[in-house]
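Me: I should like a close look at a single part of this structure, followed outwards into its surroundings. Please explain each step in terms that a first-year student can follow.

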Amino acid sequence: MNHNLTAYIKRYIDISLDGDAHFQSYLKIKELGKKEYLLQEGNLCTSRYFVTRGCLRLYYIDPKGNEQIIHFGIENWWITDYDSLINNTPSRIYIQAIEPTEVLELRESDLAEIYRKVPGTERLFRIVMERTYIAIQKRMEYMFSLSSEEMYRTFIKANPKFVQRVPQYMLASYLGITPEYLSALRKEH
């Protein structure tokens with residue numbers, strides 16, 4: 001059993017030891033090397049992933065051929081392509097390991113059974129979705145209302161670990177600025 005996942009679950013729901021063990025029995029460990037893909041454009045996303053170690057990026061390629069990073073995933077975060085997963089359509093995104101990474105895979109086909117057999121798990125995933133939506137909403141608000149410098153400062157204040165773990169060009173993509181401008185901002189701090 002993964003104790004970090006147990007602690008994560010217990011932050012949001014009451015779960016018995018048996019319920020936790022049953023829930024975790026559905027999970028499959030996946031190891032990814034640096035730059036290895038968890039999901040690629042055109043493939044169907046069939047799982048949700050809980051990051052136990054490492055760092056992932058979720059991105060798409062825009063019409064000009066540029067990578068646009070939408071989201072990162074680090075330890076104790078869930079990551080997936082919800083559009084492909086829920087709508088059963090080919091993915092338009094990539095999920096790639098930035099560093100050696102381990103995830104716990106939860107297949108969507110098992111979720112209804114888990115909801116029936118493990119009380120509270122449906123509530124857990126509702127909370128995960130709400131928190132994901134809030135994070136996206138805040139990011140959009142920041143992108144529309146803050147200057148690039150304010151957005152960078154807000155991001156590093158809220159996520160200091162990312163600055164050390166994520167390459168500068170990826171952080172720039174996520175913030176919607178050029179790597180050169182990000183370099184200039186970092187020199188000022």
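Reply: Helices and strands are named here from runs assigned by DSSP, at least four residues for a helix (H or I) and at least two for a strand (E), and they are numbered from the N terminus. The model is a predicted one.

With these names, Lys 35 can be placed in the loop between β1 (28-32) and β2. Its phi is near 75 degrees, a positive value in a residue other than glycine. Most residues other than glycine have a negative phi. Lys 35 counts as exposed because its relative accessibility is 58%, and exposed means over 50%.

The next element is strand β2 (residues 37-39), which is joined to β7 by two bridges, the two strands running antiparallel. In this pairing, Leu 39 stands opposite Ile 95 of β7. Strand β7 covers residues 94-97, with Tyr 94 and Gln 96 pointing one way and Ile 95 and Ala 97 pointing the other way, and all of them are buried. Strand β7 also pairs with strand β4 (residues 55-61), in the antiparallel sense and over four bridges. Here Arg 57 is the residue that stands opposite Gln 96. The loop between α3 (82-87) and β7 holds Asn 88. The phi of Asn 88 is near 55 degrees, again a positive value in a residue other than glycine. Asn 88 is exposed, because its relative accessible area is 56%.

From β4 the path leads to strand β8. Thr 101 belongs to β8, and at 0% relative accessibility it counts as buried, since buried means under 20%. A polar atom of the Thr 101 side chain lies 3.2 Å from the backbone nitrogen of Cys 55, and one lies 2.6 Å from the backbone oxygen of Glu 99. Among the residues in contact with Thr 101, leaving aside those within four places in sequence, are Leu 32, Val 51, Cys 55 and Leu 56.

Cys 55 is itself buried, at 0% relative accessibility. Its sulfur is 18 Å from the closest cysteine sulfur, that of Cys 45, which is too far for a bond. Cys 45 also counts as buried, with 3% relative accessibility. A search of the whole structure finds zero disulfides.

Strand β3 (residues 47-53) contains Thr 52, which counts as buried because its relative accessibility is 11%. The side chain of Thr 52 makes a polar contact of 2.6 Å with the side chain of Glu 102. Thr 52 also touches Asn 2, Glu 75, Val 103 and Leu 104, among the residues more than four places away in sequence.

Helix α4 meets both of these strands. Its buried residues pack against β3 and β8, as well as α2 (17-25) and α5 (121-145). In this helix (residues 108-117), the buried residues are Asp 110, Leu 111 and Ile 114. Seen down the axis of α4, they fall within an arc of 115 degrees, so they line one face of the helix. An α-helix has 3.6 residues a turn, so residues three or four places apart point the same way. On the other side of α4, Ser 109 and Arg 116 are exposed.

Key: Residues numbered from 1 in each chain as written. Predicted model: local features only at pLDDT ≥ 70, side-chain atom pairs only at ≥ 80, totals over all residues. Heavy atoms only, no water. Buried < 20%, exposed > 50% of the residue type's maximum accessible area, 1.4 Å probe, protein only. Polar contact = N/O pair within 3.5 Å; in protein donor to acceptor, adjacent residues only side chain to side chain. Contact = heavy atoms within 4.5 Å. Pairing = 2+ DSSP bridges. Arc of directions from axis to C-beta. Disulfide = S-S within 2.5 Å.
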